[in-house]
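Please describe, in the form of a short report, a strand pairing and a metal site in the structure shown here.

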Amino acid sequence: MPIFAKNRFMQFIKNYVEQHKQRLLDELFVLLRFPSISADPRYKEDVFKTADFVAQKLKDAGADNVEVVTTGGYPVVYGEKIIDSSQPTILVYGHYDVQPPDPLELWETPPFEPTIRDGKIFARGACDDKGQFYMHIKAFELMLQTNSLPCNVKFMIEGEEEVGSDNLAPFVIENKDRLKADVVLISDTAMLSLETPSLETGLRGLSYLEVEITGPNRDLHSGVYGGAVANPATILCQMIASLHDKNNHILIPNFYDDVLSLSEEERELLNSAPYDDEEYKKDLGVSELWGEKGYTTFERTGTRPTLEVNGIWGGYIGEGAKTVLPSKASAKISMRLVPNQSSEKITALFKTHFEKIAPAGVTVKVTPHHGGEPVVTPTDSVAFKAAQKAIEESFGKSPVITRGGGSIPIVALFEKELGIKTVLLGFGLDSDNLHSPNEKYDLANYYKGIETIPLFHKYFAELSSAT
Ligand code: BES
Ligand code: MN
Ligand code: MN
């Protein structure tokens, strides 16, 4: 790679981004127009087409051995550039699938017609994760075009992250050699803001399941039968309400057994990040925050396990009134897990407990969906230091260290199956409306990401060769 005086490389990257600004955006817009909703089988063809498009863009950028690899579900797009086998290798992971856009009527502009308002790109997937993984393809293009790629790169972009990555474990296990790398680099998390850049060093695990309560063998007239039989909707609400105590501690026996608590120093470090409960409340339109007593907001979202209802239904939910005592009521429940909890164990604990607390007169069915294990990424590795240096240089500030509340189940799998640790180099914002209407990604974050990634490559290569 050409030798640059300090800061010259960044200036050079900035110029490239400036020159190609419009094209970098137009290409992302094409990607955002694909409705690659992995959860909804009606979009099957679109999801496959998105994989082909991503593969084409990898080829266009200059990747070799590009392949749309068939799995039991949606394909994994793979591509690589091996410049020198004695140099370190970065494995870039991302996902081209997106969450369903519902409820559609709350979008100000259609989810698959990307629109710029206020310097922000509005579209489903703008931040999670199309806008973020595409930065890596463009940064890669930039490095190849300017002969500044300092190490080997492999790309692995999957299409089932939003539905639990069920077919990814077999892919990783069957492709251990192909995926060999020194670090996994992922942009699929958030930072505090452009003014306060940060690096997430952890992700929560997940146990997701569905419960169904059945009472009478059919829906009943709520006047004729009301008062005579247990109402599954009422019972379900009572059962769910009993899962937290007044301090919002979870009441499933043994739920907290394996939770690792943080040291005072770790708590202090996390709580030193600039943050204001008042602003947080204002942004969310709530008058009070809620959660486990004894922990700050950051601690509750990043380091403590939780149990949330994600959806609940039963009986009549159409227009107007219909007097009916439902035969069934259901809910979707997620539990976010922290080190050292195991999703399998927690799912089993939930199932046993939920079945046990059901009163006579109803039956309970608990159906597990997907799970994932929590991770904490190292902060003393060469890769993490490279990320810190890259951010320091492009933002002019060292990053604050945080823990993310979301889950990317593949991260624990990379560690277990490939023995590779991850760096979470996220450029999203918590306020980007992920999984919600009006998802957005700031143009500034998109371009900043493209500028920061080559610096990560540069420092990762430099620091690796120094050790
Ligand atoms: N990118 C998110 C995870 C995320 C978001 C991590 C923000 C940290 C900060 C990812 O696409 C996601 O939504 N994951 C799911 C889990 C999956 C198994 C459905 C999640 O966290 O709900
Ligand atoms: Mn994501
Ligand atoms: Mn997501």
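In this predicted model, strand β1 (residues 64-69) and strand β2 (residues 76-81) run antiparallel and are joined by four bridges. The connection from β1 to β2 is a hairpin of six residues, and within the pairing Val-68 has Val-77 of β2 as its bridge partner.

A second topic is the site of the manganese ion (ligand 3), whose protein donors are Asp-128 (OD), Glu-162 (OE), Glu-162 (OE) and His-435 (NE2), at 2.1 to 2.6 Å from the ion. The angles among the six donor atoms of the manganese ion (ligand 3) extend from 55 to 155°, and the site is irregular. Asp-128 also serves as a bridge between the manganese ion (ligand 3) and the manganese ion (ligand 2), with 3.6 Å between the two ions.

Along the sequence, the donor residues of the manganese ion (ligand 3) follow the spacing D-x33-E-x272-H. Because Glu-162 sits in the loop between β6 (152-158) and α4 (168-174), while His-435 sits in the loop between β20 (428-429) and β21 (440-442), the pair ties together parts that are 273 residues apart in sequence.

The accessibility of these two donor residues is set out below.

| Residue | Relative accessibility | Class |
|---|---|---|
| Glu-162 | 11% | buried |
| His-435 | 41% | partly exposed |

Glu-162 counts as buried because its relative accessibility is 11%, under the cut-off of 20%, whereas His-435, at 41%, counts as partly exposed.

Technical notes
Residues are numbered from 1 along each chain as its sequence is written. Chains are lettered from A and ligands numbered from 1 in the order in which they are written. This is a predicted model: local features need pLDDT of at least 70, side-chain atom pairs count only at pLDDT 80 or more; totals for chains, interfaces and linings use all residues. Side-chain values use heavy atoms; hydrogens and water are left out. Donors are N, O and S atoms within 2.8 Å of the metal (3.2 Å for Na, K and Ca); water is not among the atoms, so sites may look incomplete. Four donors count as tetrahedral if all angles lie between 85 and 135 degrees; four count as square planar and six as octahedral if opposite donors are over 155 degrees apart and all others between 65 and 115; anything else is irregular. Helices (H or I, at least four residues) and strands (E, at least two) are DSSP runs, numbered from the N terminus. Buried means under 20% relative accessible area, exposed over 50%, partly exposed in between (1.4 Å probe, protein chains only). Two strands pair if DSSP finds at least two bridges between them.
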